[in-house]
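User: I am new to this structure and would be grateful for a close look at a single part of it, namely the open sheet. Please place that part within the chain as a whole.

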Amino acid sequence: MTSPIEQIQLAFELSNLSELNLTPRYNVAPSQQVFSIISDGENKRGGFLKWGLVPSWSKDSKIGYKMINARSETVDTKPSFKNLLKRRRCLIVADGFYEWKNEDGKKQPFRIKMKDDRVFAFAGLWDRWQSNGETIQSCTIITTEANDVVSDIHDRMPVILPKEKQEIWLNPAVQEPKHLKQLLQPYTSDEMTAYQVSTLVNSPKNDVSEIINSL
């Protein structure tokens, strides 16, 4: 998430962006904070959610490590996700994501992005967990089948929502699971590209601009 605030505001028209402390991130990992957007039906607000869903009913917050993704095919039937699909949907903002390809027994990381470098949004679900005075607001990223750009690297990819679908996804008045699931399709490959990056990305401790450089 390296895009300047001006580009983010142009893309999403948030009501509170000036209040947020956004700094460039080059290697966002599960359990860390991700920049996300929710809506009350009138205003879209940006904020930070912990990546790795902790459902409100969970007894242990560590369940989040197992719930960084939700499959689009079953998001309306899995107990952890089906109620959130109706009432707690979010966007997770990014300008690239990483995936690893198995090559001769080694995993080569790739960065996948839009050809024009624009910022985009993943479809996500979020929830609020509270216990013993601790509150965790967390999210999961929904995945779908890979498009032609990603399929050579991995068989799954995050659901990227184009502008018109973002508005529907964030609209709390829309609650029909069948309608919502229709939004969760592979993004058109014509607008995307992928390139190899350094294995520096393999460690969450490395959050430096060199990571996004092409090899």
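Analyst: Of the 215 residues in the protein chain, 47% are buried in this predicted model. One buried residue is S80, which counts as such because its relative accessibility is 15%, under the 20% limit. S80 is located in the loop that runs between β3 (69-71) and α2 (82-87). Leaving aside residues up to four places away in sequence, S80 touches L53, P55, W57 and M67.

The chain as a whole contains four helices and ten strands. Starting at the N terminus, the order of its elements is α-β-β-β-α-β-β-β-β-β-β-α-α-β. The radius of gyration is 17 Å, close to the 17 Å given by the globule rule for 215 residues, so the protein chain is as compact as a globular protein of that length. Its C-alpha trace spans about 45 × 35 × 35 Å along the principal axes. Among contacts with a separation of 6 or more, 65% join residues that are 24 or more positions apart.

The requested part is an open sheet of three strands, arranged in the order β5-β6-β10 with antiparallel pairing. Its edge strands, β5 (97-103) and β10 (192-196), each pair on one side only. On average, neighbouring strands of this sheet are turned by 35° against each other, direction ignored. Between β5 and β6 (residues 106-114), seven bridges make up the antiparallel pairing. At the level of single residues, W100 has P109 in β6 as its bridge partner.

Methods: Residues are numbered from 1 along each chain as its sequence is written. This is a predicted model: local features need pLDDT of at least 70, side-chain atom pairs count only at pLDDT 80 or more; totals for chains, interfaces and linings use all residues. Side-chain values use heavy atoms; hydrogens and water are left out. Two strands pair if DSSP finds at least two bridges between them. Helices (H or I, at least four residues) and strands (E, at least two) are DSSP runs, numbered from the N terminus. Axes are lines fitted to C-alpha atoms, for helices over the stretch in contact, and angles run from 0 to 180 degrees between N-to-C directions. Buried means under 20% relative accessible area, exposed over 50%, partly exposed in between (1.4 Å probe, protein chains only). Contact means heavy atoms within 4.5 Å. The radius of gyration is taken over C-alpha atoms; the globule rule is 2.2 Å times the number of residues to the power 0.38.
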